[in-house]
Amino acid sequence: GSNSAYKSLDAEVAADSPLVYDRLGEPSGTTLQDSSGNGRNGTYTNAPTLAQTGALAGDIDTAALFAAASSQYASVPDDAGLSITGALTLEAWVKLANLGTQRSIIEKFDAGPLAGYYLRVTAANVLEGATADGAGTTVLTGTTALVAGTWYHVAYVFDGANHWLYIDAVQEATAANTRNPTDGAGTLKIGARGNDAGTPMNGTLDEVAVYASALSQTRIAAHRNAGINTLYGIFQGYIT
């Protein structure tokens, strides 16, 4: 869109220089468009249902529904930029269709040898984020159980010394973590496990972004608030 609402949302994300920004708003097809300006387009696999109502209030940009039974996911080819070996942030909006099974949100994770990073929902319906450095994986697990059918803004942050999980910009968990991720050869997957496309998402994803920096809670809140306040921004755009 061209009005101030969409510019404000895009501007909040763009201000933090994402490596890849997938709005998952394609009306059809198999190409996942990267809105970061870095040209990291991807591919939808096994035909997720596109053009679903998105997470953002009043935003005409749509979302993608992934069905676990059909092993639906999206992927972005491996490149040097996505092979983050330091600070990072993983961000998405997620709405689970059911509970009780591990669901992958964002992963660039090779299991042998362990390498990369991920953000998942566990079988206990809580968030889990991790980095892996070849020797092992340091995992951070949340405590708040997600509810099916509800949109959440979720984020995992690693700064080289600590890591954090956030739900709707509220800190969910934090711990020390000095395990810098190593460069893996796998693709960046959205809605599937990094190493083998297992534990696929069963639900809707929107506004997925990956950053090679540790976003502050203030910046995470700015992104989340830009989403929930989009409708207000549209009205402001008409009267300003």
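This is a short talk about strands, one tryptophan and some salt bridges in a predicted model.

Let's start with strand 6. It covers residues 73–76. Are its two faces buried or exposed? Both are covered. Tyr73 and Ser75 sit on one side, and they are buried. Ala74 and Val76 sit on the other side, and they are buried too.

Now, what does strand 6 pair with? Take strand 3, residues 42–45. Strands 3 and 6 run antiparallel, with 3 bridges between them. Look for Thr45 in your viewer. Across from Thr45, in strand 6, stands Tyr73.

Strand 15 is another partner. That strand spans residues 188–190. Strand 15 and strand 6 are joined by 3 bridges, again antiparallel. Which residue of strand 15 is the bridge partner of Ala74? Ile190.

Next, a quick stop at Trp93. Find it in strand 7, residues 88–96. Its relative accessibility is 6%. Buried means under 20%, so Trp93 counts as buried. Now find Ile105, 12 residues away along the chain. The C-alpha atoms of Trp93 and Ile105 are 9.2 Å apart.

On to charges. How many salt bridges does the structure hold? The count is 10. I'll show you three of these.

Here is one: Arg219 with Asp16. Their closest N and O atoms are 3.1 Å apart. Arg219 is in helix 2, residues 217–228. Asp16 is in the loop between helix 1 and strand 1. So this pair ties together parts that are 203 residues apart in sequence. Check the accessibility as well. Arg219 is partly exposed, at 23%. Asp16 has 14%, so it counts as buried.

Helix 2 also carries Arg224. Arg224 forms a salt bridge with Asp168, and here the closest N and O atoms are 3.8 Å apart. Why does this pair tie together separate parts of the sequence? Because Arg224 lies in helix 2, while Asp168 lies in the loop between strand 13 and strand 14. Those parts are 56 residues apart in sequence. Asp168 is partly exposed, at 22% relative accessibility.

Then there is Asp196 with Arg193. The closest N and O atoms are 2.9 Å apart in this salt bridge. Asp196 has a relative accessible area of 42%, so it is partly exposed. Arg193 is partly exposed as well, at 23%.

One last item. Which residues do salt bridges with shared partners join into one network? Glu12, Asp16 and Arg219. Thanks, everyone.

Terms used:
Residues numbered from 1 in each chain as written. Predicted model: local features only at pLDDT ≥ 70, side-chain atom pairs only at ≥ 80, totals over all residues. Heavy atoms only, no water. Buried < 20%, exposed > 50% of the residue type's maximum accessible area, 1.4 Å probe, protein only. Helix = DSSP H or I, 4+ residues; strand = E, 2+ residues; numbered from the N terminus. Pairing = 2+ DSSP bridges. Salt bridge = Lys/Arg side-chain N within 4 Å of Asp/Glu carboxyl O.
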